[in-house]
Amino acid sequence: MMTSTTMDHELYLDGRAVTPSHDSGARLARALLSYLVALTATLLLLPFDFALPASYGFRFDTSPIGALVMFGLYVPYGFLTRRARTGRRGGHVAIIMLSAGMLALALETAQLFVPAANASVWHLVSAVAGAAIGAVVCERVHHDVRSTANAAQTLLLQLPLMGLVYLLLPLLWASAAAAQDDPSRLALTLCVGMAGASILGSVARATRAFTPDRAWWVVPGVAAIWSSLGMLPSVLVDWRLTIGLVAAVVVFAGWRGRWSAPMFVERRYEARALLVASPFMALYFILAGVWPGHSFRSNPLLHLGMPTTEQGLAMALPLLEMGIAATIMGYMLAEFRGRNESSFRENGAGVVSWACAILLVTEAARSVFGYEGASLLRAALCVLAATYGAGLYHLQRAHVKVLARRLGQSSPGDQHPRSA
């Protein structure tokens, strides 16, 4: 995601080693890592109905699916944590595993006070293993600039689009988890998966000229890994439905990125790629706003805050899901406006205005169709999340500029890597 030309500390200019003032990829990774840790903690501690347990203790039994879900949660944690740390290859994998273990231990300990949760030793093992895999993958991506220089140039201009693909991952996760009591709600998960598949296909089209030796299975393979990680919670609903959803995403991504498809020839193709993916996200927002939509309410229902009844506690996960979706919406709105090269301060007002308009329409639909009604607090939190998403886009765009500048300074005779 944060592809850079090296992970070394030094930047070589005119034969002199210079320590860069900041690592743009590490700064972006830290912002995303903070976001990921907050989401992970929230997902694992829902519905926050804390109570003193009758007895304390970690269990040594767990379901294979539960361990697999924990593994999937911590793979991106390991990847982003490794990218947020600069240094020599292999120097921080043990530290990342330790930090993942400490985070998992803290969250599992907190789950001792959640009656509906089970704290398991195997969850800790799965978390550490997932973080280790993520860290190793990050090292393999970044460890040798001379062997990955072509890949860095290939990925350079579409890094913001790939950032969007990674942001869609927690939304896949949350929407799949929210469907545990309502399997038909996996239709929303499919909408998110199709949006990601469309973007992956667009990236494949745009980079075709730079990757003439790319095998036909690369795009479907990436889509399979991405969707499988994101849809892991849906296994708790129905493993057959999960296979069907992953297969649909893989087929669509392969079709969008097929060799026979028209190739993007314009240099700045992000807006066109977003337009193709936007209908899926629009359908997601419409369905999420009116779900389950079994009845029409003649008198609109409006809450200033969030319901605090027992039914309201079950809404914690949909609230988190909407927050993630709003973050993605802010990122996409900033991406649409990003090529005017305006700063975050200049671009922020427009993003917030559009986000407010979309969220007000969504809440209005909820007040009539949604069983919980509209919430001003939820709308306000989603506006803040959209603003954060726009900020993530600007961090990503700034990193792209650093990469472009460093690669522009490179020449075939360079003997030293340049860091970003």
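**A colleague's note on this predicted model**

1. A good place to start is Phe58, which sits in the loop that links helix 1 (24–45) and helix 2 (64–84). Keep in mind that this is a predicted model. With a relative accessible area of 30%, Phe58 counts as partly exposed, because that label covers values from 20% to 50%.

2. Which residues does Phe58 contact, once neighbours within four places in sequence are left aside? They are Leu105, Glu108, Thr109, Leu112, Ala119, Ser120 and Val121. Take Leu112 as an example: 54 residues separate Phe58 from Leu112 in sequence, yet their C-alpha atoms are 8.0 Å apart in space.

3. Helix 3 (residues 93–111) is worth a look next. Its 19 residues, at 1.5 Å a residue, should span 27 Å, and the C-alpha atoms at its ends are indeed 27 Å apart, so the expected and modelled values agree.

4. Which residues of helix 3 are buried? The list runs Val93, Ile96, Ser99, Ala100, Gly101, Leu103, Ala104, Leu107, Glu108 and Gln111. As a general reminder, an α-helix has 3.6 residues a turn, so residues three or four places apart point the same way. Glu108, one of the buried residues of helix 3, is also among the contacts of Phe58.

5. Is Thr40, in helix 1, buried or exposed? Thr40 is buried, because its relative accessibility is 5% and the cut-off for buried is under 20%. Setting aside residues up to four places away in sequence, Thr40 touches Leu73, Tyr74 and Leu107. Leu107 appears in the buried set of helix 3 as well.

6. Now for a pair of helices. The axes of helix 7 (residues 186–206) and helix 10 (residues 270–290) come within 9 Å and cross at roughly 170 degrees. Angles over 145 degrees count as roughly antiparallel, and the two helices therefore fall in that class. On the helix 7 side, the contact is made by Leu188, Cys191, Val192, Met194, Ala195, Ser198, Ile199 and Ser202. Helix 10 contributes Ala273, Val276, Ala277, Phe280, Met281, Leu283, Tyr284, Leu287 and Ala288. Sorted by class, this contact has 15 nonpolar residues, two polar ones and no charged ones.

7. Finally, the whole chain. There are 14 helices and four strands in the protein chain, and 52% of its 420 residues count as buried. Of the contacts between residues at least 6 apart in sequence, 83% join residues at least 24 apart. The chain exposes about 19,100 Å², with carbon and sulfur atoms supplying 67% of that area.

Conventions
Residues numbered from 1 in each chain as written. Predicted model: local features only at pLDDT ≥ 70, side-chain atom pairs only at ≥ 80, totals over all residues. Heavy atoms only, no water. Axes fitted to C-alpha atoms, helices over the stretch in contact; angles between N-to-C directions. Parallel < 35°, antiparallel > 145°, perpendicular 65-115°, else oblique. Contact = heavy atoms within 4.5 Å. Nonpolar A, V, L, I, M, F, W, Y, C, P; charged D, E, K, R; others polar. Expected span 1.5 Å × (residues − 1). Buried < 20%, exposed > 50% of the residue type's maximum accessible area, 1.4 Å probe, protein only. Areas by Shrake-Rupley, 256 points an atom, 1.4 Å probe, with all protein chains shown as cover.
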